[in-house]
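Open the model in your viewer and keep the selection panel at hand. The tour goes stop by stop.

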There are 2 protein chains.
Amino acid sequence: MTPEPVLPQPPHNRQSASVELRATALEQFASVGFAGTSLQQIADAAGYSKSSVLYHFASKEALLDEVLTPAVDRLEAILERFLATEESALSRSRFVNDFIDFILEFRLELHTFINQSQSLRGIPVIDRAGVLIVRLSDTLCHGDASTEDRIRFGIALGGAAYTLVAGMTFLGEEIAPEEEIRPALLSVITELLAPVTVRTTPSRK
Amino acid sequence: MTPEPVLPQPPHNRQSASVELRATALEQFASVGFAGTSLQQIADAAGYSKSSVLYHFASKEALLDEVLTPAVDRLEAILERFLATEESALSRSRFVNDFIDFILEFRLELHTFINQSQSLRGIPVIDRAGVLIVRLSDTLCHGDASTEDRIRFGIALGGAAYTLVAGMTFLGEEIAPEEEIRPALLSVITELLAPVTVRTTPSRK
DNA sequence: ACAGACTCTGACCGATCGGTCAGCTAGCCT
DNA sequence: AGGCTAGCTGACCGATCGGTCAGAGTCTGT
């Protein structure tokens, strides 16, 4: 018989509510946008109530902040590391590698603050990401800010964010495995970024 | 004397309310997103009442439709023209030129349906744009859909949409004039798209 | 057994959402 | 003058928004 009252188990058998909520919120923010996502949707998708979301996060904005901060921190670290070494073809290539690691690991976060930074201006984590991107652009193009170099950087950044989130879903029907994406991405991004200042790589397969 | 009663002029001296509303709505949709834009905001920004917006357009969705349709029509025409000629380096280069004309003329529309097609799925004009993009991708990469070629196309598309709308505002402080942007854009897009199938252009400045 | 902290939730709040409707105003035709 | 239409608006509707709050259930240490 064993009454088995009502499945006792801790509130949820899932590991941690706030981790789940962060992940669910990130998916929604990246695909539907921050403004287009309601706390109710996040709660429903994660299997909680709206009140629970607001128990774990002070507000919708605070949730966004916690969701994006790890990615922004990581991007900042990559930039600082690049700035700490003197510029060379080698350091630049290492930077591109770091950058691609970053893109692949934080695709949803990148897509979120890349494509919504204008509408979310004023939110601290978004502004942080914004100045980071400007610094990145200034660093890669240093002094001589030729229009083409800026456009190269912008296309690499926005293109990668788009391709790995929106593009994947209907350009490649099934999501290609990462081990296939990485080299392709590396090749294209290197081509876009490498010649920006150090035009010493005319070799092209 | 000519009394000139009270400036007779039609309700507004502006040329046409619906034209103004379309333009205002487009700016908002592109920068804040469709979900993030309220009819009230559009009305306020254009100097009308919310009721007026709904007088000229049956619904918010209908407004989006009218705003995006010209761009989608144009993109469709470009694709059809490209499909009508047999493939060659020349036809491909002409296509890239058409495509860049399109991007520059319809930057806001492109940015809107590129970066929101997932969240707005189901709206006819968005779905139309979606299948167009898939056809574009299939055409440019024809049969041999190597991952890298798909990524090249995705980066060119998403990157251009991002750079010309979001990127311009904080990457280049002041918006560079079109006559400076066009050649840079042509160079980068050609580099991304040209070698996709016709690898007969090893020349690179 | 008891107290306290931690999670979670439903009920509820004012504000705003997209959308409807009746009515106002001006110009135009007869 | 009178009727018609086009353009525009405020008042209003139910639904949903982000957010508050007072509990209820469960686990801990004592």
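What should the 18 residues of α7(B) span at 1.5 Å a residue, and how far apart are its end C-alpha atoms? Select α7(B) to find out. The expected span is 26 Å, and the end C-alpha atoms are 26 Å apart, so the two agree. Bear in mind that this is a predicted model.

**Stop 1: the buried residues of α7(B).** Stay on this helix and show side chains. Its buried residues include B:Val125, B:Ile126, B:Ala129 and B:Gly130. Further along, B:Leu132, B:Ile133, B:Leu136 and B:Ser137 are also among them. B:Thr139, B:Leu140 and B:Cys141 are buried too.

**Stop 2: B:Gln28.** Now go to helix α1 of chain B, where B:Gln28 is found. Is B:Gln28 buried or exposed? Its relative accessible area is 18%, under the 20% cut-off, so B:Gln28 counts as buried. Show its surroundings. Leaving out residues up to four places away in sequence, B:Gln28 touches B:Gly33, B:Thr37, B:Gln41, B:Ile42 and B:Ala45. Pick B:Ile42 from that set. B:Ile42 lies 14 residues from B:Gln28 along the chain, with 7.2 Å between their C-alpha atoms.

**Stop 3: both chains.** Zoom out and superpose. A turn of 180 degrees, with a shift of 0.0 Å along the axis, lays chain B on chain A with an RMSD of 0.0 Å. That is the relation of a two-fold axis. To find the axis from chain B, select B:Gly159. Its C-alpha is 1.8 Å from the rotation axis, the closest approach of any residue of chain B.

**Stop 4: the interface.** Color the contact residues: 49 from chain B and 49 from chain A. Every interface residue of chain B (100%) is also an interface residue in chain A, so the copies meet through the same surface. Together the chains bury about 4100 Å², 63% of it on carbon and sulfur atoms.

Next, show the polar links. There are 11 residue pairs in polar contact across the interface, both at pLDDT 80 or more. The salt bridges between the chains number 2. One side-chain pair to display is B:Glu191 with A:Arg152, a salt bridge at 2.8 Å, N to O.

Which elements of chain B give two or more residues to the side that touches chain A? Select α1, α6, α7, α8 and α9 of chain B. α8(B) gives the most, with 18 residues.

**Stop 5: α9(A).** Finish on residues 178-193 of chain A. This helix has 16 residues and reaches 21 Å from first C-alpha to last, close to the expected 22 Å. Among its buried residues are A:Ile181, A:Leu185, A:Val188 and A:Glu191.

Terms used: Residues are numbered from 1 along each chain as its sequence is written. Chains are lettered from A and ligands numbered from 1 in the order in which they are written. This is a predicted model: local features need pLDDT of at least 70, side-chain atom pairs count only at pLDDT 80 or more; totals for chains, interfaces and linings use all residues. Side-chain values use heavy atoms; hydrogens and water are left out. Copies are superposed by least squares on the C-alpha atoms of residues with pLDDT of at least 70 in both. Contact means heavy atoms within 4.5 Å. Helices (H or I, at least four residues) and strands (E, at least two) are DSSP runs, numbered from the N terminus. The expected span of a helix is 1.5 Å times one less than its number of residues. Buried means under 20% relative accessible area, exposed over 50%, partly exposed in between (1.4 Å probe, protein chains only). Buried area is the accessible area (1.4 Å probe) that two parts lose on being put together, summed over both. A salt bridge is a side-chain nitrogen of Lys or Arg within 4 Å of a carboxyl oxygen of Asp or Glu. A polar contact is a pair of N or O atoms within 3.5 Å; within protein, one must be able to donate a hydrogen and the other to accept it, and residues adjacent in sequence count only if both atoms are side-chain atoms.
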